[in-house]
Every structure is written in structure tokens, then in C-alpha cells.
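Trainee: I should like to work through this model step by step. May we begin with the structure itself in view?

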Amino acid sequence: NSARVQTVSKDNNDKFFKLLNEFEKRTGCPVLLNTSFNVKGQPIINDVQQAIKCFLSTNIDVLVVDKFMLKKESFR
């Protein structure tokens, strides 16, 4: 029942700043919610291999890592 607000500027994280701006253009909402990437009872994801393994074994539809985007529909 709490949140920790963080702000991003072009100077401190240009890629994420651009992502937020594009999200706002498409949705009208200038805010994204960030949460831990893990499945209940499992440790938090620490590397790309763990992220892909988790992605493939859950109902997550899309995984974005750096400039790459994996869509679950591509693996069906």
C-alpha cells in the first residue's frame, strides 16, 4: 500500500526518458509502474538467461531486454 516515486530526465537516462515520452504520446499517461521481475516464490531475475527462462514459463506476453523485444506469439 505504498509507492516510491522516481523521476527520469533526459540527462540521467536518455533511453528510458524517450520510452516514457513515447508511452505518453500513445496513451496520454506519462507514468509507468515498475515492479520486481520474478514469479511468486522465486528469486528476482538477475540476468538475461533468467529473464528468458521466466518469460517462456509464465503468461508474460512480451519481454524487452535492451533494444530487443520478444513476443510470446513468436514461440507458439
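Mentor: Please note that this is a predicted model. In the hairpin of strand 1 and strand 2, 2 residues lie between the strands, and Asp66 takes a positive phi near 55°.

Trainee: How many bridges join strand 1 to strand 2?

Mentor: Strand 1 covers residues 62–65 and strand 2 covers 68–71. The two strands run antiparallel, and Val64 stands opposite Met69 in strand 2. The number of bridges joining strand 1 to strand 2 is 4.

Trainee: Is Asp66 buried or exposed?

Mentor: Asp66 is found in the loop between strand 1 and strand 2. Its phi is positive, about 55°, although Asp66 is not a glycine. A residue counts as exposed over 50% relative accessible area. Asp66 has 56%, so the residue is exposed.

Trainee: Which residue forms a salt bridge with Asp66?

Mentor: Side chains of opposite charge can pair when their charged atoms come close. Here the closest N and O atoms of the pair are 3.1 Å apart, the partner of Asp66 being Lys15. The pair links distant parts of the chain, 51 residues apart, with one residue in helix 1 and the other in the loop between strand 1 and strand 2. The helix 1 residue, exposed with a relative accessible area of 61%, is Lys15.

Trainee: Which residues are joined into one network by salt bridges that share partners?

Mentor: Glu22 and Arg26 both lie in helix 1, 4 residues apart, about one turn of the helix. Their salt bridge has its closest N and O atoms 2.9 Å apart. Glu22 is partly exposed at 33% relative accessibility, whereas Arg26 is exposed at 67%. Salt bridges that share partners join into one network Glu22, Lys25 and Arg26.

Trainee: What is the N to O distance in the salt bridge of Lys18 and Asp14?

Mentor: Both residues lie in helix 1 (residues 14–27), 4 residues apart, about one turn of the helix. Asp14 is partly exposed, at 28% relative accessibility. The side chains of Lys18 and Asp14 meet with an N to O distance of 3.1 Å.

Trainee: Which exposed residues does helix 2 carry on the face turned away from its buried side?

Mentor: In helix 2 (residues 48–56), Ala51, Cys54 and Phe55 are buried. They cover an arc of only 100° around the axis, and therefore lie on the same side of helix 2. What covers these buried residues includes strand 1 and strand 2. The face turned away from the buried side carries the exposed residues Gln49 and Lys53.

Conventions. Residues are numbered from 1 along each chain as its sequence is written. This is a predicted model: local features need pLDDT of at least 70, side-chain atom pairs count only at pLDDT 80 or more; totals for chains, interfaces and linings use all residues. Side-chain values use heavy atoms; hydrogens and water are left out. Buried means under 20% relative accessible area, exposed over 50%, partly exposed in between (1.4 Å probe, protein chains only). The arc is that of the directions from the helix axis to the C-beta atoms. Contact means heavy atoms within 4.5 Å. Two strands pair if DSSP finds at least two bridges between them. A salt bridge is a side-chain nitrogen of Lys or Arg within 4 Å of a carboxyl oxygen of Asp or Glu.
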